Amino acid sequence: MAVQEFQASDGWSVKLTKSHMLESTCCDNCETRLAAEGSAAKLCTLCSFSQQFPFPLPEEVYAENTLTITAPDGCSFKLSARQALQGIEDVTEDTHMPKVAHAAEWRAARDLKGIEGHKPYDWTYTSHCTGDATGPWSVVQCEKPGEGLNVDLVRKPEKILFRGEAFLLADDYGDNGIMNMDFKIRCMPSSIYVLQRQFVRVDGVLLRLCDTRIFHEIGTNLLVIHASEHELNIPSVLEKLGPQMPDGRPSRMMLNPENVNGLMPHFEERKTVTTHYTCSSPLQSDGTTAPSAAS
């Protein structure tokens, strides 16, 4: 396991932990231990995840990959694979799920043994998780989307003091598409910026982007969380684009994760929420926390 840490000039800190993805099978005899000890049994990470979630896990789960941003007063905000999986909503009769040609065969091939009370689940693994806040944050949901997210400051040419990235989840839907979820972080003298993105493509059906942007301007006591969800109908957009792009490349290349930004004008916005997390006080230049506005 690799751990990277960074502390900004105002006392806010970043901790990035990276490791390998979960093994596909248990090598720690957890089934026997669980039968003998019940809920008191100490399980391996794979079995711990499998017991917690009532659906088959994605093909790739990076259980130890985490990003934690901590304010000077101890308030923290964390991204992780466990939180991402917790953000997958239950499927009900009213839930609209995309259909693919081989959906039935793919679902039948998934190993559902040992999952008590199994019920229909979102097989696209679309997560609505925007992170996990811990500590006495003051939380306010903004009326205006994007409020407090200083895009100009993020785009300002600056020296990058710290950068990192890590995967959280991935799956290929049994060769019927692709899902990957990761995050990237940049720390500059003026700000800390994180983009967590989940890319979902069900071949021939839809593209879905679930983005969480995390922003902290150095010297403030504010953490801005801007979450958005966009969706695109693949047959419709390919009909609009035609078989080739102006540069001669096949239009289908735009459906890949590395090219998807070029399709943003065609996406339909499904959800946009901006939330402000305020800690008790920022750090002063002498290393002490400034008094709060109420003091």
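These are my notebook entries on a sheet, a cavity and the confidence values of one protein chain.

**Entry 1: confidence.** I began by noting that the model is predicted, and I looked up how its confidence values run along the chain. The mean pLDDT of the protein chain is 86, and 85% of its residues reach 70 or more. I then looked for the weak stretches, and I found that pLDDT stays under 50 over residues 112-118, where the model has seven contacts beyond four places in sequence. Residues 291-295 also stay under 50, and for them the model has two contacts beyond four places in sequence. I reminded myself that predicted coordinates should not be read in detail where pLDDT is low.

**Entry 2: the sheet.** In which order do the eight strands of the open sheet lie? I traced them as β3-β8-β9-β10-β11-β12-β13-β7, and the pairing is antiparallel. At the edges I found β3 (60-61) and β7 (138-141), each of which has a single partner strand, so one side of each is left without a neighbour in the sheet. As background, I noted that strands of a sheet pair through backbone hydrogen bonds, either parallel or antiparallel.

**Entry 3: pairs of strands.** I followed the edge strand β7 to its partner β13 (residues 268-278), and four bridges join these antiparallel strands. Within this pairing, Val-140 stands opposite His-276 in β13. On going from β13 to β12, I counted ten bridges, again in the antiparallel sense, and I saw that Glu-231 stands opposite Glu-268 in β13. Strand β12 (residues 222-233) is also joined to β11 (residues 206-217) by ten bridges, and these two strands run antiparallel. For Asp-211, I looked up the bridge partner in β12 and found Ser-228.

**Entry 4: a helix on the sheet.** Which strands does helix α6 touch where it packs on the sheet? Helix α6 (residues 234-241) touches β10 (191-202), β11 and β12, and its direction makes about 75° with that of β12.

**Entry 5: the cavity.** I searched the whole structure for cavities of 30 Å³ or more, and one was found. About 90 Å³ of space lies in the largest cavity. Of the 14 residues that line it, the closest to its centre are Thr-130, Cys-210, Asp-211, Thr-212 and Glu-229. I recognised Asp-211 from my third entry, where its bridge partner was Ser-228. Strands β10, β11 and β12 each supply at least two residues of this lining, and these are the strands that helix α6 touches. By type, the lining residues divide into four nonpolar, seven polar and three charged.

Definitions and conventions: Residues are numbered from 1 along each chain as its sequence is written. This is a predicted model: local features need pLDDT of at least 70, side-chain atom pairs count only at pLDDT 80 or more; totals for chains, interfaces and linings use all residues. Side-chain values use heavy atoms; hydrogens and water are left out. Two strands pair if DSSP finds at least two bridges between them. Contact means heavy atoms within 4.5 Å. Axes are lines fitted to C-alpha atoms, for helices over the stretch in contact, and angles run from 0 to 180 degrees between N-to-C directions. On a 1 Å grid over the protein atoms alone, a cavity is a set of points where a 1.4 Å probe fits but cannot get out, and a pocket is an open set with protein on both sides within 12 Å along at least five of seven lines; lining residues have an atom within 4 Å of a point. Grid points are joined across faces, edges and corners, and a volume is the space filled by probe spheres set on the points. Ala, Val, Leu, Ile, Met, Phe, Trp, Tyr, Cys and Pro count as nonpolar, Asp, Glu, Lys and Arg as charged, and the others, Gly among them, as polar. pLDDT is the predictor's confidence in each residue, from 0 to 100.
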